[in-house]
Amino acid sequence: MFASFISIHSVARKVTAYLLSIFFIGSSFAQLSPADQKLMDSLIKHDDFFKMLNELDNPRSVLRVNVGIGNMLYSGANKAVQNLEVNPNLIYTPSLSYIHKSGFGITASSSLTKIGEQYTLYQASLSPSFTYSKGNFADAALAYVHYFKIGSHNSTSSLLDNEVYGTVLFKKLWLMPRLSVSYSEGGFTETTDIDTTVRERNRLVRLKYIDTSVTRISSLSFSAGVEHDFLTYKLLFKNDGLRFTPQLSGFMGVNNYSVDYNATTQLYNLRNLKKFKKLKKFQSSSQVNGKFELQSVGLDLDFTYTIGKFYIQPDIYLDYYVPESSDNPFSQIYNFNIGITF
């Protein structure tokens, strides 16, 4: 879940995890003796895992190298965008992120999947972002993603060109509310070029036929949800920790798409290639404007295991599509990340 967008949620959720860890310790050990409480304070102060969390009070710049494997075509944070298309094949997404201590960051990623008999690079993306994680009441993040399409359009190609995503996490409550908004747009062009020989008026002529269709799509989505961070540490080693974050969300929005179709035919005399018949053109367009409605309800299960500089992050997202459809309303998006932070 993350892939290209892993840098945004990582900082915000670590801040939340730190606050929750203090809450858990304060509530769980409220009846401890002064000596035991002093021991707990010492563990928090000197434990390597909590040192990593405490660094968020004095943020530092980090570089993160990540490799993701799953079936997501798009960013890991924006679940509304992910549901636009799910790839049946495994997608490999290496990424490189730099996050400045000011909150500004940038992520570059590429995506590979199996097309035919070989693995092909079909998409790359670049994502500048900003994360605000110093608020007493809420944290916020804003990101822009531009997708670079590689090669011609096919069944595994992405639809999107650009995406803007913003989210606010209110962290005072045990169940933390999250509000998000996203806008995405993109499209693709398909061209059929035929050059053949046909019989016209009892003679053979050369036919050149060009068929072009341009498809555009846009999506505006709002989501509201609640989540909670469960944090534990020293599972196997003194410097490891596990964070589990379940999140339940509802998505409302509208999807629009249009198709412009243009076809031309040209006949030539086969002997000298002079025009045999005047140019024929055919143009048409269609547009479907969706209605603003509740689109889906989803459950996100996000795990992060950290040991030293390394982390492993499996993520499972279960979605139920609410409007009536002939397709299966249930979908599953999964992703497994592994990386290192410098």
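Is Asp-161 buried or exposed? In this predicted model, Asp-161 is buried, with a relative accessible area of 15%. This carboxylate belongs to a set of charged contacts that the following report describes, after an outline of the chain as a whole.

**Overall architecture**

The protein chain contains 4 helices and 14 strands. Of its 342 residues, 43% are buried. Its accessible surface amounts to about 18,200 Å², and carbon and sulfur atoms account for 61% of that area.

**Salt bridges**

Side chains of opposite charge can pair when their charged atoms come close. Across the whole structure, the search returns 5 salt bridges. Three of the pairs are listed below with their N to O distances.

| Pair | N to O distance |
|---|---|
| Lys-171 and Asp-139 | 2.8 Å |
| Lys-149 and Asp-161 | 3.1 Å |
| Glu-227 and Arg-178 | 2.7 Å |

The salt bridge between Lys-171 and Asp-139 has an N to O distance of 2.8 Å. This pair links distant parts of the chain, 32 residues apart: Asp-139 lies in strand E5 (residues 138-149), while Lys-171 occupies the loop between strand E6 (160-170) and strand E7 (176-200). Both Lys-171 and Asp-139 are buried.

Lys-149 and Asp-161 meet through their side chains at 3.1 Å, N to O. Here strand E5 supplies Lys-149 and strand E6 supplies Asp-161, and the two residues stand 12 apart in the chain. Their exposure falls into separate classes because buried means under 20% relative accessible area and exposed means over 50%, with partly exposed in between. Lys-149, at a relative accessible area of 32%, is therefore partly exposed, whereas Asp-161, at 15%, is buried.

In the pair formed by Glu-227 and Arg-178, the closest N and O atoms are 2.7 Å apart. Glu-227 sits in strand E8 (residues 203-227) and Arg-178 in strand E7, so that the contact joins parts of the chain separated by 49 residues. Glu-227 has 0% relative accessibility and counts as buried. Arg-178 is likewise buried, with a relative accessible area of 6%.

**A shared network**

Lys-149 and Asp-161 also take part in a wider arrangement. Together with Glu-185 and Arg-216, these two residues form one network, joined by salt bridges that share partners.

Note on methods:
Residues are numbered from 1 along each chain as its sequence is written. This is a predicted model: local features need pLDDT of at least 70, side-chain atom pairs count only at pLDDT 80 or more; totals for chains, interfaces and linings use all residues. Side-chain values use heavy atoms; hydrogens and water are left out. Buried means under 20% relative accessible area, exposed over 50%, partly exposed in between (1.4 Å probe, protein chains only). Accessible areas come from the Shrake-Rupley method with a 1.4 Å probe; for residues, only the protein chains shown count as cover. A salt bridge is a side-chain nitrogen of Lys or Arg within 4 Å of a carboxyl oxygen of Asp or Glu.
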